[in-house]
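Below is a tour of one structure, stop by stop, for use with a viewer. Keep the cartoon on and show side chains as each stop calls for them.

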Amino acid sequence: MPSSSIPPSSSSPTVTTVLGPVPVHRIGLTDAHNHVWINPPAGVAPGAPVLNDYEASLRELLLFHQAGGSALLDFQPYGCGRDARILQKLARESGVHLIACTGFHLRKYYPPESPLWELSAGAACDLFVREITRGTEETLSEKDATPAQAGFIKAACEATLEASPRHLFEAAASAARQTGAMVAVHTEKGASAERIVDFFQRQGLPPGRLMLCHIDKRPDPGLHQELARAGVLLEYDTFFRPQYHPEERLWPLLEAMGKADLLGSIALATDLADLSMWASTGKGPGLASLPSLIRARLLQRGFNPAGVQAMLGENVLQRLAG
Ligand SMILES: [Zn+2]
């Protein structure tokens with residue numbers, strides 16, 4: 001039975017997309033970490049990713065949709081290039097459910113005078129809560145715009161947790177406690193993973209509310225199994241990053257997690273914040289590779305279909321829905 005024929009019920013859990021809440025059962029294959037729009041503000045150091053060609057983003061999302069992609073988490077928060085008005089237009093025109101984030105990225109992606117970094121923990125928490133419950137800053141400040149609410153909280157860990165802004169981490173934890181939103185933590189190649197989980201636990205946020213990003217860059221199966229058993233959602237995205245040797249690291253890691261019966265703790269993504277890696281603009285595999293190439297290869301390698309479906313959407317959607 002196609003999922004769309006299941007009648008919606010008022011108790012059905014929903015995910016907050018930029019076009020409003022959508023019942024989980026209406027969403028299919030989901031990319032757990034990507035970028036479809038980044039327009040860095042003036043003053044950001046050169047070298048930051050730029051994705052500000054609307055037609056290219058739309059074409060790329062249409063390819064994703066045609067290949068069977070249903071939803072995508074966009075990982076650019078407020079103040080470092082997000083524009084939720086554009087995310088709304090892209091979602092409407094592509095048919096892809098886009099889920100925006102609040103929270104914060106690495107310091108280097110903001111102009112030196114960015115107000116976010118001067119906020120107190122309380123004020124930052126208020127901002128994150130407002131973006132989740134009422135709407136993102138750019139859609140709230142515009143009179144005619146329909147507010148686009150954020151669907152999760154991003155927190156970016158610098159090279160270590162100690163080098164990261166503690167007040168913003170506290171704000172993320174407190175906003176998650178207040179709203180029930182998932183916290184997705186950017187890690188630098190998995191650094192401080194154990195300490196991050198410990199930090200949030202001390203702040204009253206159980207591991208089941210956390211997703212650790214780019215953690216396959218630290219492909220230690222023992223660590224992954226320990227984090228998964230604690231309830232953390234592990235996001236893997238190095239499929240097309242030769243420098244991380246996906247054949248020797250990512251694929252064996254996936255197999256080890258499958259053998260340990262832990263596919264329910266993995267969320268897959270391609271994180272292609274680079275036009276040259278898109279199919280519509282470069283020679284890249286593009287966003288469509290997740291529903292096509294990667295999905296096919298998982299099945300070919302003998303991963304059970306239920307586990308594949310879980311890694312390609314269900315696991316992250318369940319956490320987003322709280
Ligand atoms: Zn990213």
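Select Cys213 in this predicted model. Cys213 is buried, with a relative accessible area of 0%. Now add the other cysteines, starting with Cys101, which is likewise buried at a relative accessible area of 0%. How many disulfides are there? The count is zero, taking a disulfide as a pair of cysteine sulfur atoms within 2.5 Å. Cys101 takes part in no disulfide, and its nearest cysteine sulfur belongs to Cys80, 7.7 Å away. Cys213 is in no disulfide either; for this residue the nearest cysteine sulfur is that of Cys101, at 9.7 Å. Both distances exceed the cut-off, so neither pair counts as a disulfide.

Next, step along the chain to His214. His214 sits in the loop between β9 (210-213) and α7 (221-230). Check its backbone: phi is near 60°, a positive value in a residue other than glycine. Is His214 buried or exposed? His214 is buried, with a relative accessible area of 3%.

Ser192 offers a second stop of this kind. Select the loop between β8 (183-186) and α6 (193-202), where Ser192 is placed. The phi angle of Ser192 is near 60°, again positive in a residue other than glycine. Ser192 has a relative accessible area of 13% and is buried; the cut-off for buried is under 20%.

Move to strand β7 (residues 152-156) and pick Ala155. Ala155 counts as buried, at 0% relative accessibility. Which residues does Ala155 touch, leaving aside those up to four places away in sequence? Show Phe104, Phe169, Ala172, Val183, Ala184, Val185 and His186. Then draw a C-alpha to C-alpha distance from Ala155 to Pro77: the two are 9.3 Å apart in space and 78 residues apart in sequence.

Now turn to a sheet. Select β3, β4 and β5, which form an open sheet of three strands in the order β3-β4-β5, with parallel pairing. The edge strands are β3 (30-34) and β5 (97-99), each of which pairs on one side only. From one strand to the next the twist averages 20°. Add helix α10 (residues 305-320), which packs on this sheet and touches β3, β4 and β5; the direction of α10 makes about 70° with that of β3.

Stay with β3 and its partner. β3 pairs with strand β4 (residues 71-74) in the parallel sense over three bridges. Two facing pairs can be labelled: Thr30 stands opposite Ala71 in β4, and Asn34 stands opposite Asp74 in β4. Show helix α1 (residues 54-66) as well; together β3, α1 and β4 make a right-handed β-α-β unit. β3 is mostly covered, with five of its five residues buried.

The last stop is the metal. Select the zinc ion and its donors: His33 (NE2), His35 (NE2) and Asp271 (OD), which coordinate the ion at 2.1 to 2.6 Å. How are the donor residues spaced in sequence? The pattern is H-x1-H-x235-D. His33 and His35 are both buried. His33 also falls within the range of β3 (30-34), so the view can return from the zinc ion to the sheet by following that strand.

Definitions and conventions
Residues numbered from 1 in each chain as written. Predicted model: local features only at pLDDT ≥ 70, side-chain atom pairs only at ≥ 80, totals over all residues. Heavy atoms only, no water. Donors = N, O, S within 2.8 Å, 3.2 Å for Na, K, Ca; no water. Buried < 20%, exposed > 50% of the residue type's maximum accessible area, 1.4 Å probe, protein only. Pairing = 2+ DSSP bridges. Helix = DSSP H or I, 4+ residues; strand = E, 2+ residues; numbered from the N terminus. Axes fitted to C-alpha atoms, helices over the stretch in contact; angles between N-to-C directions. Contact = heavy atoms within 4.5 Å. Right-handed = clockwise from strand over helix to strand, strands pointing away.
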